[in-house]
Amino acid sequence: MITDFGTTPAGQTVRQIVLQNASLRVAILTYGCALQSLRLAGVAHDLTLGSHDLADYLGPMCYHGTLIGPVANRLTGAQAMVEGRKLHLVPNEGENLLHAGAHGMQARVWDILACSETAVTLGLMLRDGEDGFPGQRVVMARFSLTGAALRLDVQATTDAPTLMNIAQHS
């Protein structure tokens with residue numbers, strides 16, 4: 001089931017996708033490819049922290065439940081070497097780059113590429129040179145339910161040597 005969840009300050013519609021089988025009910029947001037909710041049959045509480053308000057994901061929960069990338073963690077001095085070339089990236093934590101910064105995957109609205117009752121595939125295109133990262137990069141994330149298991153498969157392709165280190169941040 002796909003419903004509208006909210007609208008970003010830039011006017012983009014954020015959707016909530018609910019996947020469900022006999023054991024699990026999962027809610028995923030197109031904003032940041034966020035795992036908003038994970039409910040197991042017979043358990044009275046949610047198994048992950050999430051919010052019902054988009055403003056939380058735009059503010060204090062900006063990394064919570066999202067896919068972090070193209071680089072998870074910190075890069076000292078917002079710099080990195082790729083094939084002998086020093087990349088100068090956009091810092092967002094003092095002089096450092098944390099979780100790919102303000103324009104990382106966690107701060108974008110992803111496209112719904114395919115959806116069924118028990119699986120959804122979301123996609124995102126990152127342009128060459130954005131925030132200093134080389135290569136046009138295409139990222140796909142597929143959430144799927146099988147019994148009491150939630151599976152996440154992430155695939156990324158690029159047309160140039162680049163950095164890619166994605167993490168799910170629930």
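Where is Pro-70 found? Good morning, everyone, let me start there. Pro-70 sits in the loop between β5 (67-68) and β6 (74-75). Please keep in mind that this is a predicted model. The peptide bond from Gly-69 to Pro-70 is cis, and its omega is near 10°. As a reminder, most residues other than glycine have a negative phi, and most peptide bonds are trans.

That reminder also brings up two residues by their phi. One of them is Cys-33, where phi is near 55°, a positive value in a residue other than glycine. Cys-33 is placed in the loop between β3 and β4. The other is His-99, with a positive phi of about 50° although it is not a glycine. You will find His-99 in the loop between β9 and β10, and it counts as buried because its relative accessible area is 12%.

Let me stay with the cysteines for a moment. How many disulfides does the count come to? Zero. Cys-33 is in no disulfide, and the nearest cysteine sulfur, which belongs to Cys-115, is 12 Å away. Cys-33 is also buried, with a relative accessible area of 0%. Then there is Cys-62: the closest cysteine sulfur to its own is in Cys-33, at 16 Å, so the two are too far apart for a bond. Cys-62 is partly exposed, at 28% relative accessibility.

Now to the inside of the protein. Which residues touch the most other members of the largest nonpolar core? They are Leu-19, Ile-28 and Trp-110, in a core of 19 residues. Several strands give two or more residues to this core, and they are β2 (13-20), β3 (24-29), β4 (34-40), β11 (119-126) and β12 (137-146). Apart from this core lies another one, made of 10 residues, including Ala-78, Ala-80, Val-82 and Leu-89.

If you have the viewer open, do click on Leu-19. Leaving aside neighbours within four places in sequence, Leu-19 has contacts that include Leu-24, Arg-25, Val-26 and Ile-28. Further along the chain, Leu-19 is in contact with Ser-116, Glu-117, Thr-118, Ala-119 and Val-120. Phe-143 and Leu-145 are also among the contacts of Leu-19.

Trp-110 gives us a handy reference point for Ala-10. The two are 100 residues apart along the chain, and their C-alpha atoms are separated by 14 Å. Ala-10 is in the loop between β1 (2-7) and β2. Is Ala-10 buried or exposed? Exposed, with a relative accessible area of 69%.

While we are at the surface, there is a nonpolar patch to show you. Leu-113, Met-125, Val-138 and Met-140 make up this surface patch, which covers about 310 Å². Met-125 belongs to strand β11, and with a relative accessible area of 38% this methionine is partly exposed.

Last topic: charges. Side chains of opposite charge can pair when their charged atoms come close. How many salt bridges does a search of the whole structure find? Five. Let me walk you through some of them.

Glu-130 pairs with Arg-108, and the closest N and O atoms are 3.2 Å apart. Glu-130 lies in the loop between β11 and β12, while Arg-108 lies in the loop between β9 (97-98) and β10 (111-115), so this salt bridge ties together parts that are 22 residues apart in sequence. Are these two buried or exposed? Both Glu-130 and Arg-108 are buried. For Glu-130 the relative accessibility is 13%, and buried means under 20%, so Glu-130 falls in that class.

Glu-130 has a further partner as well. Its side chain meets that of Arg-127 in a salt bridge, at 3.1 Å from N to O. Arg-108, Arg-127 and Glu-130 are thus on the slide as a group, linked in a network of salt bridges.

One more pair before I stop. Asp-153 and Arg-151 form a salt bridge, and there the closest N and O atoms are 2.8 Å apart. Asp-153 is partly exposed, at 29% relative accessibility.

That's my tour, and thank you all for listening!

Methods. Residues numbered from 1 in each chain as written. Predicted model: local features only at pLDDT ≥ 70, side-chain atom pairs only at ≥ 80, totals over all residues. Heavy atoms only, no water. Core = buried A, V, L, I, M, F, W, Y, C linked by side-chain atoms within 4.5 Å. Buried < 20%, exposed > 50% of the residue type's maximum accessible area, 1.4 Å probe, protein only. Helix = DSSP H or I, 4+ residues; strand = E, 2+ residues; numbered from the N terminus. Contact = heavy atoms within 4.5 Å. Disulfide = S-S within 2.5 Å. Patch = residues over 30% accessible without salt bridge, like charges linked within 9 Å, V, L, I, M, F, W, Y side chains within 5 Å. Areas by Shrake-Rupley, 256 points an atom, 1.4 Å probe, with all protein chains shown as cover. Salt bridge = Lys/Arg side-chain N within 4 Å of Asp/Glu carboxyl O.
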